[in-house]
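Here's a friendly walk through a protein model. Have a look at the sequence and the fold first, and then we'll go through a few spots together.

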Amino acid sequence: MNAPGPSRPVLVAPSLLAADFSKLGTEIQRAVDAGADWLHLDVMDGHFVDNISFGPAVVAMADNASDIFLDVHLMISRPDHYLPRFIEAGADMVTVHVEAGHDVAETLQRIRAAGVRAGLALNPETPLEAVEPHLHAIDLLLCMTVVPGFGGQAFMPEVLEKIEHASRLRETRGLDFHIEVDGGIDAHSAATCRAAGADVMVAGSSTFRAPDMAAAIRVIRGA
Ligand code: DX5
Ligand code: ZN
């Protein structure tokens, strides 16, 4: 069977982690003006990942600064405990990791019960089988294409097979979740991910640090 190419519009979500932290409000507006579809917010707790970024206050700031769809990526242990604060802050999508030590089914159910979209993420070394029982209960599957914790890392092509498999499962089960990729996404890796079936491209360095952000977003989208 051919690789399941994209049959959905491709969305681009710049990651605020790569922005100039001295002027986050202006940087968010710059992404909106450059044609971003979503804004990706990387929450790191220094425990689930070996880095610390920001918390609910920055999500609330982004919610006040713009109407753009807020795609909140929780790289934290016990996301079930902190979940209400990110929902309160204005997240439109909350993505939790399957490896983060919580009752995954219950956490996903609570996200949706709050009227927020639910995402489930898996690390590069985690097999797709770990998330398969939850595919009917998610709006987005995030296949990490780097080991989470830092921006600016190299894309891992070994994840492409997993993306293709997820895309086939989505098709054969008649499901409708987005497939998002995150880490090392640029013009080249985005093209390989789109061909594998991914439809949401998170990109930090290759958008906020590009000389022409609008052009970078168009190329990543494949437009
Ligand atoms: C890494 C984060 C990514 C990261 C992407 O753990 O989840 O969202 O910020 O940055 P780039 O696109 O520079 O790899
Ligand atoms: Zn992320």
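What covers the buried residues of H3? This is a predicted model, by the way. The cover includes two strands that come before and after each other in name, E2 and E3, along with helix H2 (56-65), strand E4 (93-97) and helix H4 (104-113).

**Helix H3 and its ends**

H3 runs over residues 79-89, and its buried residues are Pro79, Asp80, Leu83, Phe86 and Ala89. Look down the axis of H3 and those buried residues fall within an arc of 135°, so they line one face of the helix. There's a general reason to expect such a pattern: an α-helix has 3.6 residues a turn, so residues three or four places apart point the same way.

The loop between E3 and H3 is where you'll find Arg78. Its phi is near 50°, which is a positive value in a residue other than glycine. Is Arg78 buried or exposed? Neither quite fits: Arg78 counts as partly exposed because its relative accessibility is 42%, and that class sits between under 20% for buried and over 50% for exposed. On the other side, H3 is followed by Gly90, another residue with a positive phi, near 115°.

**Helix H8**

Now hop along to H8, residues 213-221, where Met213, Ala216, Ile217 and Ile220 are the buried ones. Seen down the axis of H8, they fall within an arc of 100°, so here too one face of the helix is lined by buried residues. They pack against strand E1 (11-14), helix H1 (24-33), helix H6 (187-196), strand E8 (200-203) and helix H7 (205-208).

At the N-terminal end, Asp212 acts as a cap for H8, with a side-chain oxygen 3.2 Å from the backbone nitrogen of Ala214. After H8 comes Gly222, and its phi is positive as well.

Here are the phi values side by side:

| Residue | Where | Phi |
|---|---|---|
| Arg78 | loop between E3 and H3 | near 50° |
| Gly90 | follows H3 | near 115° |
| Gly222 | follows H8 | near 85° |

**The largest pocket**

Finally, the largest pocket, with a volume of about 390 Å³. Its lining takes in 27 residues, and the ones nearest its centre are Phe150, Gly151, Gly152, Gly204 and Ser205. Strand E2 (38-44), strand E3 (69-75), E8 and H7 each give at least two residues to the lining. Sorted by class, the lining has 11 nonpolar, 12 polar and four charged residues.

How values were computed:
Residues are numbered from 1 along each chain as its sequence is written. Chains are lettered from A and ligands numbered from 1 in the order in which they are written. This is a predicted model: local features need pLDDT of at least 70, side-chain atom pairs count only at pLDDT 80 or more; totals for chains, interfaces and linings use all residues. Side-chain values use heavy atoms; hydrogens and water are left out. Buried means under 20% relative accessible area, exposed over 50%, partly exposed in between (1.4 Å probe, protein chains only). Helices (H or I, at least four residues) and strands (E, at least two) are DSSP runs, numbered from the N terminus. The arc is that of the directions from the helix axis to the C-beta atoms. Contact means heavy atoms within 4.5 Å. A polar contact is a pair of N or O atoms within 3.5 Å; within protein, one must be able to donate a hydrogen and the other to accept it, and residues adjacent in sequence count only if both atoms are side-chain atoms. On a 1 Å grid over the protein atoms alone, a cavity is a set of points where a 1.4 Å probe fits but cannot get out, and a pocket is an open set with protein on both sides within 12 Å along at least five of seven lines; lining residues have an atom within 4 Å of a point. Grid points are joined across faces, edges and corners, and a volume is the space filled by probe spheres set on the points. Ala, Val, Leu, Ile, Met, Phe, Trp, Tyr, Cys and Pro count as nonpolar, Asp, Glu, Lys and Arg as charged, and the others, Gly among them, as polar.
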